[in-house]
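The exercises below are meant to be worked with the sequence and the coordinates open side by side. Each one sets a task and is followed by a solution that goes step by step.

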Amino acid sequence: MQNYLNNITKKFEKAFFISSTKCEQSVFTATITLPVFSFSGIIPRGLFSFSGTDNGQSGPDPRFKMILWSIIAGTRGGINRAKILNLLKNSPMNANKIATVMNLDYKTILHHVKILSKNELITKAEKDYGAEYQLTQIMKENQTILEEIMQKIGTK
Amino acid sequence: MIDFMLAAVVSAFLNIVLLLVVITTYVQNMRVIRSYYTSGLVLVAALLMLQNIVIVLFWSTLYMDDKALMMSADMVAHYLFIINVIQTIGLSILVWITRR
C-alpha cells in the first residue's frame with residue numbers, strides 16, 4: 001500500500017512538472033498544449049482483479065482481463081467465443097476449419113469471428129477469402145487470463 | 001396532457017422485460033462459468049429489476065389507494081418518467097451488446 005501511494009505521488013509530481021514546462025513553452029511559441037490525461041493512470045492496478053492471489057501487482061493487465069471477462073461471460077455465446085480463442089491459441093485456423101472442429105454452423109462461427117475481430121482479440125493473416133485467423137499481440141500477451149477462464153469452463 | 005405517472009410505469013415494465021432478457025443470458029453463462037464476475041452480473045441485474053418492481057408496486061398500491069398521495073405524486077411524476085426513460089435507453093444498449 002505504501003509503495004502504491006509513493007507511486008501515485010510520483011505520478012502527480014511528474015504530471016505537474018510536465019504541465020508547468022508545457023505552459024512555459026506555450027508562452028514562447030503561443031500554442032496551447034494540455035498535459036496528456038489518461039483514465040488508465042488514475043485507475044489503480046488490481047481494482048479489477050478477480051483472482052485475489054496476485055493483487056494485480058504483477059502478471060496480466062487487469063484492464064484487459066475486464067474486457068475478456070465481459071466478452072466471454074457477459075454476452076450470449078460467449079463460451080463458444082472462449083473456445084474459439086482457445087483453438088486459435090495453438091494454431092491459426094480459417095473459419096471453415098473452426099466450424100468443423102467445434103461442430104458448429106459456419107455462419108455462427110463467422111459471426112463470432114466478426115465480434116472477436118471487432119474487439120481486437122483476433123486478426124486475419126491476409127485479406128483473402130478463407131484466410132486464417134490468429135490471436136492479436138495483446139491477446140497473446142494475456143493468454144494466462146484465457147487459461148484461467150478456460151479452467152473454470154472445464155470444471156463444469 | 002400526458003399522464004407522466006402512467007408513462008413512467010410503462011417504462012418500468014419495459015425495463016423489467018429488458019432486464020429479464022439480460023438476466024437469462026447471464027444465468028446461462030453462469031451455469032457454465034461459476035465465478036465472481038458472472039454471479040456479480042446476475043446480482044446487479046437482479047437488483048435493478050427489484051428497483052423497477054418496487055416502482056410498479058408503488059403505482060399499483062400506494063398511488064392508486066391514496067388520493068392525496070396521487071395529487072402530490074403527479075407533481076413530481078415527470079422526474080420519475082425521465083429517470084425511467086434514461087434507464088430504458090441504457091438497458092436497450094446493454095441488451096443489444098449482450099445479445100449480439
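**Exercise 1. The fold of chain A**

What share of the contacts in chain A with a separation of 6 or more is accounted for by residues 24 or more positions apart? Set the result beside the secondary structure and the burial of the chain.

*Solution.* The model is a predicted one. Within chain A, residues 24 or more positions apart account for 43% of the contacts that have a separation of 6 or more. The next step is to list the elements: chain A has eight helices and two strands, and along the sequence they follow the pattern α-α-α-α-α-α-β-β-α-α. Finally, of the 156 residues in chain A, buried residues make up 18%.

**Exercise 2. Burial along α3(A)**

Determine the span of α3(A), and then establish how its buried residues are placed around the axis.

*Solution.* Begin with the length: α3(A) has 12 residues and reaches 16 Å from its first C-alpha to its last, close to the 16 Å expected at 1.5 Å a residue. Next, collect the residues of this helix that are buried, namely Pro62(A), Lys65(A), Leu68(A), Trp69(A), Ile72(A) and Ala73(A). These residues cover an arc of only 110° around the axis, which puts them on the same side of α3(A). The spacing can be read with a general rule in mind: an α-helix has 3.6 residues a turn, so residues three or four places apart point the same way.

**Exercise 3. How α3(A) meets α4(A)**

Work out the relative orientation of α3(A) and α4(A), and name the residues through which they meet.

*Solution.* The axes of α3(A) and α4(A) come within 6 Å and cross at roughly 125°. Because an angle of 65 to 115 degrees counts as roughly perpendicular and one over 145 as roughly antiparallel, the two helices α3(A) and α4(A) are oblique to each other. On the α3(A) side the contact involves Ile71(A), Ile72(A) and Ala73(A), which meet Gly78(A), Ile79(A), Arg81(A) and Ala82(A) in α4(A). Sorted by class, the residues of this contact divide into five nonpolar, one polar and one charged.

**Exercise 4. α4(A) and its contact with α6(A)**

Describe α4(A) itself, and then classify its crossing with α6(A).

*Solution.* With 13 residues, α4(A) reaches 19 Å from its first C-alpha to its last, close to the 18 Å expected at 1.5 Å a residue. Its buried residues are Gly78(A), Ile79(A), Arg81(A), Ala82(A), Ile84(A), Leu85(A) and Leu88(A). Turning to the partner, helix α6 of chain A comprises residues 106–118, and its axis and that of α4(A) come within 10 Å and cross at roughly 75°. That angle makes α4(A) roughly perpendicular to α6(A). Asn80(A), Arg81(A) and Ile84(A) of α4(A) make the contact with His112(A), Ile115(A) and Leu116(A) of α6(A). By class, this contact has three nonpolar, two polar and one charged residues.

**Exercise 5. Positive phi in two loops**

Locate Asn103(A) and Glu120(A), and decide for each whether the residue is buried or exposed.

*Solution.* Asn103(A) is found in the loop between α5 (95–102) and α6 of chain A, and its phi is near 60°, a positive value in a residue other than glycine. Asn103(A) has 6 C-beta neighbours inside 10 Å and therefore counts as exposed. Glu120(A) is found in the loop between α6 and β1 (122–124) of chain A, and phi of Glu120(A) is likewise near 60°. With 12 C-beta neighbours inside 10 Å, Glu120(A) counts as exposed, because the cut-off for that class is 12 or fewer.

**Exercise 6. The side of chain A that touches chain B**

How many residues of each chain are in contact across the two chains, and which element of chain A gives the most?

*Solution.* In total, 13 residues of chain A are in contact with 14 residues of chain B. The elements that give two or more residues to the side of chain A that touches chain B are α3 (62–73), α4 (78–90) and α8 (143–155) of chain A. Of these, α8(A) gives the most, with three residues. By class, the residues on this side of chain A divide into seven nonpolar, three polar and three charged.

Note on methods:
Residues numbered from 1 in each chain as written. Chains lettered and ligands numbered in written order. Predicted model: local features only at pLDDT ≥ 70, side-chain atom pairs only at ≥ 80, totals over all residues. Contact = placed C-beta atoms within 7 Å. Helix = DSSP H or I, 4+ residues; strand = E, 2+ residues; numbered from the N terminus. Nonpolar A, V, L, I, M, F, W, Y, C, P; charged D, E, K, R; others polar. Buried ≥ 20, exposed ≤ 12 C-beta atoms within 10 Å, placed from the backbone. Axes fitted to C-alpha atoms, helices over the stretch in contact; angles between N-to-C directions. Parallel < 35°, antiparallel > 145°, perpendicular 65-115°, else oblique. Expected span 1.5 Å × (residues − 1). Arc of directions from axis to C-beta.
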